[in-house]
Amino acid sequence: MYRSKNQWRRSRDGSSDDDNLPKSKYDNQTSEQREEELKKVHSGLVQRRLFDTEKCEEIEKKIEEVKMAAEKGVYKLHTVDRSPLRNKYFFGEGYTYGSQLEKKGPGMERLYPKGPEGVDDIPQWVYDLVVKPIEEAKLIPKGWVNSAVINDYLPGGCIVSHIDPPHIFDRPIVTVSFFSDCALSFGCKFQFKPIRVSKPVLVLPVNRGCVTLMSGYAADDITHCIRPQDVKKRRAVVILRRVFEDAPRIAPTVPPLPALIARYKAQQNGGKRSHSSSSSSSSDDSNASDSASPSPKKQKNHNHHHHHHKHKRHKRSKSGHRHHRRSSEHSSSSTRHVRRHKASDDSDASDHRSHRSHGSNGRKHNSKKEVRMKRVS
Ligand SMILES: O=C(O)CCC(=O)C(=O)O
């Protein structure tokens with residue numbers, strides 16, 4: 001479907017399809033080495049089919065509502081990341097590739113500020129319908145999720161090879177698939193114009209209603225991607241993750257609303273001290289709304305009400321989970337950076353592009369890429 005005319009011509013000349021694919025570092029491995037690689041990837045993967053057709057339909061309706069709400073423009077700017085064949089909706093936390101920052105590259109991803117410059121809260125239905133069954137199956141600790149991203153793919157849509165930034169996200173990375181069956185590929189190298197993907201180390205089916213958990217080697221030491229040829233029908237994924245409390249965050253440029261109100265009231269009083277402004281509580285900042293159906297006029301409640309503030313940092317165990325530990329303990333940040341750079345160094349050049357696909361500053365690049373994909377599909 002996404003083959004260029006030249007590729008078809010070469011196929012008719014008798015050469016195999018594989019000859020036209022980009023080569024990855026894994027293509028040079030012996031069959032024993034590849035087998036070993038495969039074992040390591042599998043060691044960091046857990047899959048369960050937790051959602052039956054009825055549950056899937058219920059959740060898919062909610063995903064559709066999110067799509068409609070985004071089209072109406074009710075979400076904050078950074079909640080929605082549109083591209084022709086794949087839209088992303090960030091809830092709880094959103095992050096950017098740091099192209100506006102002084103230093104660019106892997107490891108430079110930053111969370112958006114909390115509040116108006118950030119993203120919408122995680123909708124209640126995500127907790128009730130998606131997170132809760134995974135917690136009840138004891139696949140993740142209760143109250144662990146503080147970030148939920150919905151990717152909505154059209155046929156031919158993709159996500160280029162990447163590693164979820166380890167200085168931002170705890171492990172495991174949890175994904176739940178909806179609408180149609182698809183595949184998650186590991187260890188691919190992407191080439192563009194036309195888009196081509198090297199032979200994967202592993203093509204893992206991610207079927208409708210299926211939960212996939214990535215940790216250890218599968219999350220940190222090999223890239224994953226969604227190849228365009230594996231998205232045959234509309235497909236959505238809900239990505240549930242935990243952002244570290246000390247993950248780097250962009251400072252807000254807008255003062256918090258109570259500060260603005262206080263400043264305004266002070267100005268109204270001609271610079272005199274205002275007794276009425278001594279309390280920062282106002283009806284404006286006490287509205288909690290479901291982000292799937294908020295009134296655009298309503299001022300949102302930005303103090304994140306999720307359980308994660310109560311939770312202590314997790315320390316990684318063999319299973320890939322972290323044990324609870326005090327957030328005042330300081331150790332993992334630099335270690336995580338080292339791991340990150342190791343992973344990036346080991347991976348293909350396309351990884352660097354891929355990190356852009358996760359942030360607003362990369363969205364321009366991303367949109368261009370996906371425009372290109374549309375042309376060849
Ligand atoms: O679509 C998927 O299953 C994976 C998506 C993904 O890896 C991502 O958005 O970071």
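## Briefing: strands, core and ligand shell

Cys 210 is found in strand β13, which covers residues 210-214. That comes from a predicted model, so treat what follows as a look at computed coordinates. The protein has 377 residues, and 40% of them count as buried. Its secondary structure adds up to nine helices and 17 strands. As for contacts between residues at least 6 apart in sequence, 79% join residues at least 24 apart.

**Around Cys 210**

- Why does Cys 210 count as buried? It has 20 other C-beta atoms within 10 Å, and the cut-off for buried is 20 or more.
- Setting aside residues up to four places away in sequence, Cys 210 touches Gln 47, Arg 49 and Ser 177.
- Asp 52 sits 158 residues from Cys 210 in sequence, yet the two are 9.0 Å apart in space, C-alpha to C-alpha.

**The largest nonpolar core**

- This core has 66 residues, and Tyr 89, Ala 148 and Val 238 are the ones that touch the most other members.
- Which helix gives the core its largest share? That would be α3 (residues 53-72), with five residues.
- Ala 148 has contacts with Phe 91, Gly 92, Ile 122, Val 126, Val 238 and Leu 240, once its neighbours within four places in sequence are left out. So two of the names from the core, Ala 148 and Val 238, are also in contact with each other.

**Strand β3 and its partners**

- β3 (residues 86-91) is mostly covered, with six of its six residues buried.
- In a regular strand, side chains alternate between the two faces of the sheet.
- For β3, one side carries Arg 86, Lys 88 and Phe 90, the other has Asn 87, Tyr 89 and Phe 91, and all are buried, so both faces are covered.
- On the β2 side, strand β2 (residues 80-81) pairs with β3 in the antiparallel sense over two bridges. The pair makes a hairpin, with four residues between the strands.
- Within that pairing, Val 80 has Tyr 89 of β3 as its bridge partner; Tyr 89 is also one of the residues touching the most other core members.
- β3 also runs antiparallel to strand β6 (residues 147-153), joined to it by six bridges. Here Phe 90 stands opposite Val 149 in β6.

**The four-stranded sheet**

- An open sheet of four strands follows the order β7-β14-β9-β12, and the pairing is antiparallel.
- Which strands lie at the edges? β7 (159-162) and β12 (202-206) do, each pairing on one side only.
- From one strand to the next, the twist averages 25°.
- β9 (residues 182-186) and β12 pair antiparallel over five bridges, and Ala 183 stands opposite Pro 205 in β12.

**The shell around the ligand**

- The residues around the ligand are Asn 151, Ile 159, Asp 164, Thr 175, Leu 184, Val 206, His 224, Ile 226, Val 237 and Ile 239.
- By type, the shell splits into six nonpolar, three polar and one charged.
- Which strands each supply at least two shell residues? They are β14 (224-226) and β15 (235-241).
- β14 also belongs to the open sheet, placed between β7 and β9 in the strand order.

Conventions:
Residues are numbered from 1 along each chain as its sequence is written. This is a predicted model: local features need pLDDT of at least 70, side-chain atom pairs count only at pLDDT 80 or more; totals for chains, interfaces and linings use all residues. A residue is buried if 20 or more other C-beta atoms lie within 10 Å of its own, exposed if 12 or fewer, and partly exposed in between; C-beta atoms are placed from the backbone. Two residues are in contact if their C-beta atoms, placed from the backbone, lie within 7 Å. A nonpolar core is a set of buried Ala, Val, Leu, Ile, Met, Phe, Trp, Tyr and Cys residues joined through C-beta atoms within 7 Å. A residue is near a molecule or strand if its C-beta atom, placed from the backbone, lies within 6 Å of it. Ala, Val, Leu, Ile, Met, Phe, Trp, Tyr, Cys and Pro count as nonpolar, Asp, Glu, Lys and Arg as charged, and the others, Gly among them, as polar. Two strands pair if DSSP finds at least two bridges between them. Axes are lines fitted to C-alpha atoms, for helices over the stretch in contact, and angles run from 0 to 180 degrees between N-to-C directions.
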